[in-house]
Amino acid sequence: MVIVGNGALGLFLADELIERRAGSVVVVGPGGRETGASQAAGAMLGCFGETTTESLRTEASRKRFELGVAAHDRWPAVLRRLEEFSTTGAPLQVATASHVVLNSVGADLDTVNFEAMLGALDEYGKPWAELDPRDIPGYRPRTESRALRAVHLPEEGAVDARGVLGALERRIEAAGGVLVDALVQRLRGDNGTVTGVELADGHVIEAGKVVVAAGARSEALVRTMLEDFSMVPTIPGLGFAMIAKRTGGEPFRSVVRTPNRGFACGLHVVPAPHGREYYGATNRLVDHVSGVTWMADVRFLAQYAMQQLDEQVARHEVERWLAGNRPVTLDGFPLIGWLPSSGLYLMTGTYRDGFHCAPLLAVHVANELQGEAGLIDPMFGPMRRPIETRTIEWSIDEYVQHNLAAWFETGAEAAPQMTTAQIADYYRVMAHQFYDTIGIDYALGPDVLWYAQGSLLGARRVARYLHSSQGRNGSRPVPAAAGRANR
Ligand SMILES: Cc1cc2nc3c(=O)[nH]c(=O)nc-3n(C[C@H](O)[C@H](O)[C@H](O)COP(=O)(O)OP(=O)(O)OC[C@H]3O[C@@H](n4cnc5c(N)ncnc54)[C@H](O)[C@@H]3O)c2cc1C
């Protein structure tokens, strides 16, 4: 069996298959994992800390949320298994708890997501306690950005993502798995059956089963064999984070984060081995996978870490700049299951919590590859039409809320006499105009709407896919130029 992709999903799957003695396993992926999401991840084992008002609102999003709940329980055993293969000289688990802070730097979105998190914790019977934000170890924001509320989540920690990936590789190799440091150029098939993969240097690896777990590049790879297959598109969610050495002040001993806010996963710090700290993370949906970092994102992260987490951060020594592409699907849900080509399986679309979910998804996929019942709902299979969770009006409201959050968080300024309602109206008009121009019936999530609204390529891609998949529902044809120039 060949697994294409050496991120968290590919490696956890290989590890699971080897554990089951499921035959030979070859993982292909570039050793440096450049532009991959996993190497840039926090990696918070966040489930309730990630809650938004959307998490439990529909059946589909609840099922997605419960993937995280189920994945969470697997981590203690995963870490016990991996620890002996770690070479970092520090525990793989870098934090055992999180503190979620609610400050007023963002907008109302922070407040409603914070409240949604407390509701979810109660609904699922998970422990939490409210505390004075000043009692959070390491948390020393600037006075004007101080939190007014904070909760302690004693069961949500984080792992050293890069340490876990390294330990997985060593465990796989020790058990006889093969890691090939290369890129797959294309999938090979014969008569609708996959027969292997062709590497960039022309070498071919033959296999009766191929799992594509190449993150944000998965769709392009699938297209090398299934050109006309109508698959929910994946958009790269380019994220920036950094690892820095603390040079003074009290270190953080837990994850400290805001709720999810403004198109992203919230501002957070994660303790890292040997006196380092991870600061993350930005998120912008982009046209192409890349490893670049926008200057605006550097400013954003550096300034807000100093302002909202700890003033001492100004004197931290940045040692690593991390850029990775989250695999974001158009409907926001994972793409996991068999493709319409015998022996070809897809495992991607995990967006912002794929590291956390990887051990659970590995068990699910290994089951399916071995002809056993899977663990997750088949609704997330790649043969689906886009999952609908909102109306157009709802989509526009969400878009406005996220933009307002981003507006205030990034310190954007309007004329003093301009009210928040007027700023909201500006975004509302923009979203209405977008839907009117593009002519789709499918209601997009705020991040995808932001992307399609700001990128001509993005608008065309979204429209082309939705018109072809929804044509039967009477959508209008693709407009020639539906978006405005990229930001
Ligand atoms: C900044 C940032 C912070 C994040 N924080 C968290 C977090 O705190 N918690 C969490 O759970 N999740 C987090 N995520 C999300 C998480 O990282 C992803 O959901 C998850 O890692 C996706 O894993 P993957 O294996 O599918 O993809 P990737 O990690 O992208 O791995 C795909 C691999 O395939 C390789 N590849 C690509 N093309 C080819 C090819 N043609 N041939 C061979 N190999 C190929 C790539 O090099 C890459 O190594 C974060 C993501 C980012 C970017």
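Domain 2 and domain 3 bury about 1,700 Å² between them, and 65% of that sits on carbon and sulfur atoms. Keep in mind that this is a predicted model. The size of an interface is often given as the accessible area lost when the parts come together. Here's a quick tour, starting with that interface and then moving along the chain.

**Who's who among the domains**
- The domain assignment splits the protein chain into domain 1 (2-33 + 162-233 + 332-380), domain 2 (39-45 + 90-159 + 235-329) and domain 3 (392-473).
- Going by C-alpha atoms, the centres of domain 2 and domain 3 are 26 Å apart.
- Where these two touch, domain 2 puts in 19 residues and domain 3 puts in 20 residues.

**The domain 2 side of the interface**
- Which residues of domain 2 lose the most area to domain 3? They are Phe263, Leu285 and Asp287, and together they make up 38% of what that side buries.
- Sorted by character, the domain 2 residues that touch domain 3 come out as nine nonpolar, five polar and five charged.
- Helix H4 (108-123), strand E17 (284-285) and helix H7 (295-308) each bring at least two residues to this side.
- H7 gives the largest share of it, with four residues.

**Polar links and salt bridges**
- Seven residue pairs are in polar contact across the interface of domain 2 and domain 3, with both partners at pLDDT 80 or more.
- How many salt bridges are there between domain 2 and domain 3? The count is one.
- Side chains of opposite charge can pair when their charged atoms come close.
- Glutamate 409 and arginine 261 do just that, meeting through their side chains in a salt bridge at 3.0 Å, N to O.
- Across the structure, the salt bridge total is 32.
- Another pair to look up is arginine 390 with glutamate 54, whose side chains form a salt bridge at 3.9 Å, N to O.
- That pair ties together distant parts of the chain, 336 residues apart. Arginine 390 is in the loop between helix H8 (354-369) and helix H9 (392-409), while glutamate 54 is in the loop between E2 and H2.

**Backbone oddities**
- Most residues other than glycine have a negative phi, and most peptide bonds are trans. A few spots here go the other way, as the next points show.
- Glycine 42 connects to alanine 43 through a cis peptide bond, with omega near -15°. You'll find alanine 43 in the loop between strand E2 (26-28) and helix H2 (59-72).
- The bond between glycine 280 and alanine 281 is also cis, with omega about -20°. Look for alanine 281 in the loop between strand E16 (276-280) and E17.
- Arginine 21 isn't a glycine, yet its phi is positive, near 55°. Arginine 21 belongs to the loop between helix H1 (8-19) and E2.

**What the record says**
- An unreviewed UniProt entry places the feature "domain: FAD dependent oxidoreductase" at residues 2-367.
- In the model, that span is 27% helix and 26% strand, and its end C-alpha atoms lie 16 Å apart.

Notes: Residues numbered from 1 in each chain as written. Predicted model: local features only at pLDDT ≥ 70, side-chain atom pairs only at ≥ 80, totals over all residues. Heavy atoms only, no water. Domains from an automatic or database assignment. Contact = heavy atoms within 4.5 Å. Buried area = accessible area lost by both parts, 1.4 Å probe. Salt bridge = Lys/Arg side-chain N within 4 Å of Asp/Glu carboxyl O. Polar contact = N/O pair within 3.5 Å; in protein donor to acceptor, adjacent residues only side chain to side chain. Nonpolar A, V, L, I, M, F, W, Y, C, P; charged D, E, K, R; others polar. UniProt positions renumbered as here; feature names shortened; annotations may be inferred.
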